[in-house]
Amino acid sequence: MDPFSDTLRRLREAFSSGRTRPAEFRAMQLKGLRRFLQENKQLLQEALSAFEAEVSEIRISQNEIDLALRNLRSWMKDEKVPKNLATQLDSAFIRKEPFGLVLIIAPWNYPLNLTLVPLVGALAAGNCVVLKPSEFSRSTEKILAEVLPRYLDQVSRAWNVGGPGVGWGGGKGREAGGGESRDIRLPAPTVLVDVRETEPVMQEEIFGPILPIVNVRSLDEAIDFINRREKPLALYAFSNSNQVVKRVLAQTSSGGFCGNDGFMHMTLASLPFGGVGASGMGSYHGKFSFDTFSHHRACLLRRPGLEKIYSIRYPPYSPRNLRLLLVAMEARSCSCTLL
């Protein structure tokens with residue numbers, strides 16, 4: 001039998017058993033993830049740049065875990081929704097159910113953050129998880145594959161390492177600076193000028209410190225340049241004029257937006273992080289991660305013995321019954337009680 005097929009079968013069986021659903025189990029997994037970060041901080045810092053690892057990788061992941069542990073039970077609670085007159089005697093709510101078995105594939109640009117932050121959401125939502133760290137971040141991949149499993153339930157988790165090689169489009173254009181690096185973990189930023197819009201570096205996502213510069217004659221031309229392309233994952237507008245920043249925000253669309261800064265929106269668990277259109281679907285961080293890995297099930301519970309009250313729905317039809325039914329179905333919250 002294919003060993004991976006066997007792994008998937010084991011994980012599906014673990015989910016079907018109900019093992020991952022209780023809040024206590026989910027919290028136990030999150031606490032294990034927290035211990036992994038606490039007990040292996042130095043190891044992770046050695047695999048990454050110490051300063052950036054602490055700021056953008058370890059601390060953000062730690063904050064996500066703490067937030068999920070504080071709010072887990074409230075996130076799991078059924079969410080009551082407004083009712084119309086026709087459903088006043090019923091119970092209407094949204095139940096957050098785990099999807100079951102989910103796959104998390106991490107990129108290499110933030111190899112710890114972009115592995116653990118979605119993992120927090122998947123665990124909090126009660127899923128079984130197949131986790132694939134990036135094969136391009138070998139030091140981090142090794143830690144995640146060999147050390148992290150010791151802290152999590154083995155029956156409902158699986159790790160997949162390695163993977164096909166991925167090639168980046170040719171960086172054409174004239175190099176105006178950068179490119180060299182003394183530390184493999186800290187590649188030097190590279191600035192490209194005389195870049196044409198049709199070149200590969202302008203067509204594909206850039207996962208490295210490469211900055212192509214495109215000259216425009218006006219703000220209108222800059223906004224038009226953005227809008228005629230696929231929507232970006234993030235858009236950063238820098239200007240001494242607040243009006244310029246607000247205009248870029250108002251007249252463009254992107255997954256996220258920062259004015260006079262970059263990246264910082266990613267540090268807020270209160271803001272969803274994700275793309276739109278070609279830059280991605282869905283979002284995560286904080287409760288958004290929990291929601292992304294949960295099925296929001298629409299539920300309405302009606303007590304038996306009320307068919308006489310609701311019989312206006314059935315033949316024989318009459319104009320009076322139609323009017324009553326349409327009024328009762330109006331989409332508004334009603335505090336009335338049927339007697």
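Pro 209 counts as partly exposed in this predicted model, because its relative accessibility comes to 34%. The residue sits in the loop that runs between strand S7 (190–193) and strand S8 (210–212). Pro 189 is 20 residues away from Pro 209 along the chain, yet the two C-alpha atoms are just 4.6 Å apart.

Stepping back to the whole chain, the secondary structure adds up to ten helices and eleven strands. Of the 339 residues, 38% count as buried. Take the contacts between residues at least 6 apart in sequence, and 63% of them turn out to join residues at least 24 apart.

Much of the helix packing described here involves H5 (residues 113–124), starting with its contact with helix H2 (residues 23–39). The axes of H2 and H5 are 8 Å apart and meet at an angle of about 160°, which means that H2 is roughly antiparallel to H5. On the H2 side, the contact is made by Arg 26, Gln 29, Leu 30, Leu 33, Phe 36 and Leu 37. Their counterparts in H5 are Leu 116, Leu 119, Val 120, Leu 123 and Ala 124. Sorted by class, that gives nine nonpolar residues, one polar and one charged.

Helix H4 (residues 50–76) also packs against H5, this time at an angle of about 10° and with the axes 9 Å apart. H4 is therefore roughly parallel to H5. From H4 come Ser 56, Glu 57, Ile 60, Ser 61, Glu 64, Ile 65, Ala 68 and Leu 72, while H5 brings Asn 113, Leu 116, Val 117, Val 120 and Ala 124. The class count here is eight nonpolar, three polar and two charged. Leu 116, Val 120 and Ala 124 of H5 take part in the contact with H2 and again in the one with H4.

The largest nonpolar core has 33 residues, and those touching the most other members are Leu 33, Phe 36, Leu 112, Leu 116, Leu 119, Val 129 and Leu 148. At least two core residues come from each of H2, helix H3 (41–47), H4, strand S3 (101–105), H5, strand S4 (128–132) and helix H6 (138–146). Leu 148 gives a good view of how this comes together: beyond its neighbours within four places in sequence, Leu 148 contacts Leu 33, Phe 36, Leu 116, Leu 119, Leu 131, Ile 143 and Trp 159.

Turning to the strands, three of them form an open sheet in the order S1-S2-S11, paired antiparallel. Strand S1 (79–80) and strand S11 (294–301) are the edge strands; each has a single partner, so one side of each has no neighbour in the sheet. S1 is joined to strand S2 (residues 91–98) by two bridges, and Lys 80 stands opposite Phe 93 in S2.

A few backbone oddities round things off. Most residues other than glycine have a negative phi, and most peptide bonds are trans. Asn 260 and His 285 both lie in the loop between strand S10 (256–259) and helix H9 (287–292). Asn 260, though not a glycine, has a positive phi of about 60°, and His 285, not a glycine either, has one of about 100°. Asn 260 is partly exposed, at 37% relative accessibility, whereas His 285 is buried, at 0% relative accessible area. Further along, Pro 315 and Pro 316 are linked by a cis peptide bond, with omega about 0°. Pro 316 belongs to the loop between S11 and helix H10 (319–328).

Conventions
Residues are numbered from 1 along each chain as its sequence is written. This is a predicted model: local features need pLDDT of at least 70, side-chain atom pairs count only at pLDDT 80 or more; totals for chains, interfaces and linings use all residues. Side-chain values use heavy atoms; hydrogens and water are left out. Axes are lines fitted to C-alpha atoms, for helices over the stretch in contact, and angles run from 0 to 180 degrees between N-to-C directions. Helices (H or I, at least four residues) and strands (E, at least two) are DSSP runs, numbered from the N terminus. Angles under 35 degrees count as roughly parallel, over 145 as roughly antiparallel, 65 to 115 as roughly perpendicular and the rest as oblique. Contact means heavy atoms within 4.5 Å. Ala, Val, Leu, Ile, Met, Phe, Trp, Tyr, Cys and Pro count as nonpolar, Asp, Glu, Lys and Arg as charged, and the others, Gly among them, as polar. Buried means under 20% relative accessible area, exposed over 50%, partly exposed in between (1.4 Å probe, protein chains only). A nonpolar core is a set of buried Ala, Val, Leu, Ile, Met, Phe, Trp, Tyr and Cys residues joined through side-chain atoms within 4.5 Å. Two strands pair if DSSP finds at least two bridges between them.
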